[in-house]
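Got your viewer open and a hand on the mouse? Let's take a walk through this structure, one selection at a time.

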Amino acid sequence: MQVIDQLLKEYNLIHKKEDLMKIAALSIGIVKELTNEVDIPIGQSKFGGLPDLPSHFSFPTYHNGYLSFLAQLNLLEAKLFDGENLLPNTGILYFFYDVVNQPWGFDKDDNGCFKVFYFDGDVKELTRTAYPEETEDYFPLPVYKATFDKFISFPSEISGIELDEEELDRYFEFRDSIMQRKESVENDEGLPAYPMHYMFGEPFTIQNNVFEDVIYYDNKEKIDWDSKEIKQKRNEMVLLFQMDSDDELGVMWGDVGILYFCIDKHDLHDKQFDQTKFTLQCY
């Protein structure tokens, strides 16, 4: 809260604190720590490297090639920071994606470009699993240990708060700073100093509303864009995992973009992670 107050003062929005905190959302931040993979216990959260899989899970394929492994998130570790009590108490989520071609998730041909697995068994069943083969279509990410912390996200669409044009501009500057965990410092490649990897809360939207995007492109033959049905359905969606462009991981999604993995609240409650939806946005 001290950091929020500091930034609100810096951007001359402290007088709007009460209103802005009403639209703030609890998220679970994910922080990377450079570590040798042999020092990461089997089943612990990490980005990149090799996944720790049970024998009945096989590497997902897409267009006759294997998807790249993005991350595994141990929910027992993340649960400590789950302020909305949305996660299962135990289990591991695995995220895979076609890192080389980077499909946007909009077209039918993109079906299968990502995969989310959920495992909720004994960690003794897991084995650090090498890729079946390494080809030009496979992009390995360097390994980083992942840890969790409290994180607050803010929406890109504001409702119920009166802000004049200058205040609105300052709000977005404040939002960028608080969600990048630092004043807007960029590295030599133009990437944020602190990539925004997190679970739940408000997606850091770059283009359209993320939830509306995934709903529309999943149902575009049934519903119209900007329809009441989309507006209603978006309230049932949850940001399961957001993975930012990250120089240290060697990934840039499009033009400094973000991957969004979203899930319906009911599917999340029922642990139906195979129902996760996906989209990519970039500048």
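**Stop 1: two crossing helices**

Select residues 2-10 and residues 165-179: these are helix α1 and helix α4, whose axes come within 10 Å and cross at roughly 150°. The axes are lines fitted to C-alpha atoms, for helices over the stretch in contact, and the angles run from 0 to 180 degrees between N-to-C directions. Helices (H or I, at least four residues) and strands (E, at least two) are DSSP runs, numbered from the N terminus.

Before going on, a word about what you're looking at. This is a predicted model, where local features need pLDDT of at least 70 and side-chain atom pairs count only at pLDDT 80 or more, while totals for chains, interfaces and linings use all residues. Residues are numbered from 1 along each chain as its sequence is written, and side-chain values use heavy atoms, with hydrogens and water left out.

Back to the helices: which way do they run? α1 and α4 are roughly antiparallel to each other. Angles under 35 degrees count as roughly parallel, over 145 as roughly antiparallel, 65 to 115 as roughly perpendicular and the rest as oblique.

Now show the side chains where they meet. From α1 come Val3, Ile4, Leu7 and Leu8, and from α4 come Phe174, Ser177 and Ile178. These residues divide into six nonpolar, one polar and no charged. (Ala, Val, Leu, Ile, Met, Phe, Trp, Tyr, Cys and Pro count as nonpolar, Asp, Glu, Lys and Arg as charged, and the others, Gly among them, as polar.) Look at the spacing in the sequence, too: an α-helix has 3.6 residues a turn, so residues three or four places apart point the same way.

**Stop 2: an enclosed helix**

Next, select residues 210-219, helix α5. Eight of its 10 residues are buried, so α5 is largely enclosed by the rest of the structure. Buried means under 20% relative accessible area, exposed over 50%, and partly exposed in between (1.4 Å probe, protein chains only). Want to colour the buried ones? Pick Val210, Phe211, Glu212, Asp213, Val214, Ile215, Tyr216 and Asn219.

What do they pack against? Add α6 (228-234), β12 (237-244), β13 (258-264) and β14 (277-281) to your view. Contact here means heavy atoms within 4.5 Å.

Then zoom in on Asn209, which caps the N-terminal end of α5: one of its side-chain oxygens lies 3.0 Å from the backbone nitrogen of Phe211.

**Stop 3: a pair of serines**

Select Ser27, in strand β1, and Ser153, in strand β10 (residues 144-153). Are they buried or exposed? Ser153 counts as buried at 0% relative accessibility, and Ser27 does as well at 4%.

Their side chains are joined by a polar contact of 2.8 Å. That term covers a pair of N or O atoms within 3.5 Å; within protein, one must be able to donate a hydrogen and the other to accept it, and residues adjacent in sequence count only if both atoms are side-chain atoms. A polar atom of the Ser27 side chain also lies 2.9 Å from the backbone oxygen of Phe200.

Try a distance label between Ser27 and Ile152: they're 125 residues apart in sequence, yet 5.4 Å apart in space, C-alpha to C-alpha.

**Stop 4: a loop with two things to see**

Go to the loop between α3 (75-78) and β7 (92-97), where you'll find Asp82. Asp82 is buried, with a relative accessible area of 9%. Its side chain reaches the backbone nitrogen of Leu87 at 2.7 Å. Leaving aside neighbours within four places in sequence, Asp82 is in contact with Ile28, Leu87 and Phe200.

In the loop between α3 and β7 you can also select Asn85, which counts as exposed at 56% relative accessibility. Asn85 has a positive phi of about 55° although it is not a glycine.

**Stop 5: another asparagine**

Now jump to Asn64, in the loop between β4 (61-62) and β5 (65-66). Asn64 has a positive phi of about 65°, again without being a glycine. Asn64 is exposed, with a relative accessible area of 83%.

**Last stop: a cysteine**

Finish at Cys282, in the segment after β14. Cys282 is buried, with a relative accessible area of 6%. Show what it touches beyond four places away in sequence, including Trp104, Ile206, Gln207 and Trp253.
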